[in-house]
Amino acid sequence: MIKNVYIGADPELFLEKDGKIVSAEGIIGGTKEKPKSIDFEGHYIQEDNVMVEFNIPPCNKKEHFISSINYVKDYLDVLVKLKGFNLNYSASGELDPTQLTTDQSKVFGCDPDFNVYLKDINEPPKNVGNLRCCGGHIHVGYDNPDQDVSEKLIYAMDITLGLDSILLDSDTKRRTMYGKAGSFRFKDYGIEYRTLSNFWIKNDKTIGWVYDRTLKAIDLVNTGKIDSLIETYSKQVRDIIDYNDVNGSIELLLKIENEVKIKEKK
């Protein structure tokens, strides 16, 4: 059972100048090991590869989640404009080779992530060239995290968030490198769901969508409905997300929604 839930996030985004995506290295400050605090509430910024990354405090209310994301976006917008840059919310982008000459620009994550379907570590990206990608990872904390429960939550989030993201996220390049179905990390407080790009941080509607659909995934786990969904649809869910199958996503979402409603009536 998942109780006492808190939801957080660590989205990434690009900087641009004169209409071109540029490296954020040396402009934002902060690192993975030592993120830069911007207040006393738990909001942080940092450089990750050539991207800007930010962290919000754990939230147990939708309004807090939305306002926290917007607070850091507004802070960054002012900060980078003062330095002659703009924020760019693309999920992937090609950078000029001159922006990719440092060691930092060649580092792609410090820790491996896992694949709940393979029960193994995801292969790191290869031959990335000048392409860089921005994630929109979701963190879920809950009381007394359990491995089996956490894995079920990842399956559930693929259903409630991953499938829907195929319809909402127009970017397809990131998924060639990152964001495969069931990508996650175990955390001492719960899980980090790593399938989504940053597309959802652009406006209040999609930020709220992430919060609501995360709660829906938790409900699928707590009610036990996820067990039969995993047994019946896990391969289909994985294939739809990994191959960006828009029509398959629409059909399966309707099928699962109807099935869950039928079970609720019984």
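In which sense do E1 and strand E2 (residues 20-22) pair, and over how many bridges? The two strands pair in the antiparallel sense, over 3 bridges; strands are DSSP runs of E with at least two residues, numbered from the N terminus, and two strands count as paired if DSSP finds at least two bridges between them. The model is predicted, with pLDDT of at least 70 required for local features and 80 or more for side-chain atom pairs, whereas totals for chains, interfaces and linings use all residues. Residues are numbered from 1 along each chain as its sequence is written, and side-chain values use heavy atoms, with hydrogens and water left out.

Within the pairing of E1 with E2, Lys 17 has Lys 20 as its bridge partner. The hairpin formed by these strands has 2 residues between them, and Asp 18 adopts a positive phi near 55 degrees there.

Strand E1 spans residues 6-17 and is mostly covered, with 9 of its 12 residues buried (under 20% relative accessible area, computed with a 1.4 Å probe on protein chains only).

E1 also pairs with further strands. Strand E11 (residues 136-141) runs antiparallel to E1 and is joined to it by 6 bridges; in this pairing, Ala 9 has Ile 138 as its partner. An antiparallel arrangement likewise relates E1 to strand E6 (residues 86-88), through 3 bridges, and Asn 86 of E6 is the bridge partner of Glu 16. Strand E5 (residues 51-55) is joined to E1 by 2 bridges, again antiparallel, and Val 52 in E5 stands opposite Leu 13.

Terms used: Buried means under 20% relative accessible area, exposed over 50%, partly exposed in between (1.4 Å probe, protein chains only). Helices (H or I, at least four residues) and strands (E, at least two) are DSSP runs, numbered from the N terminus.
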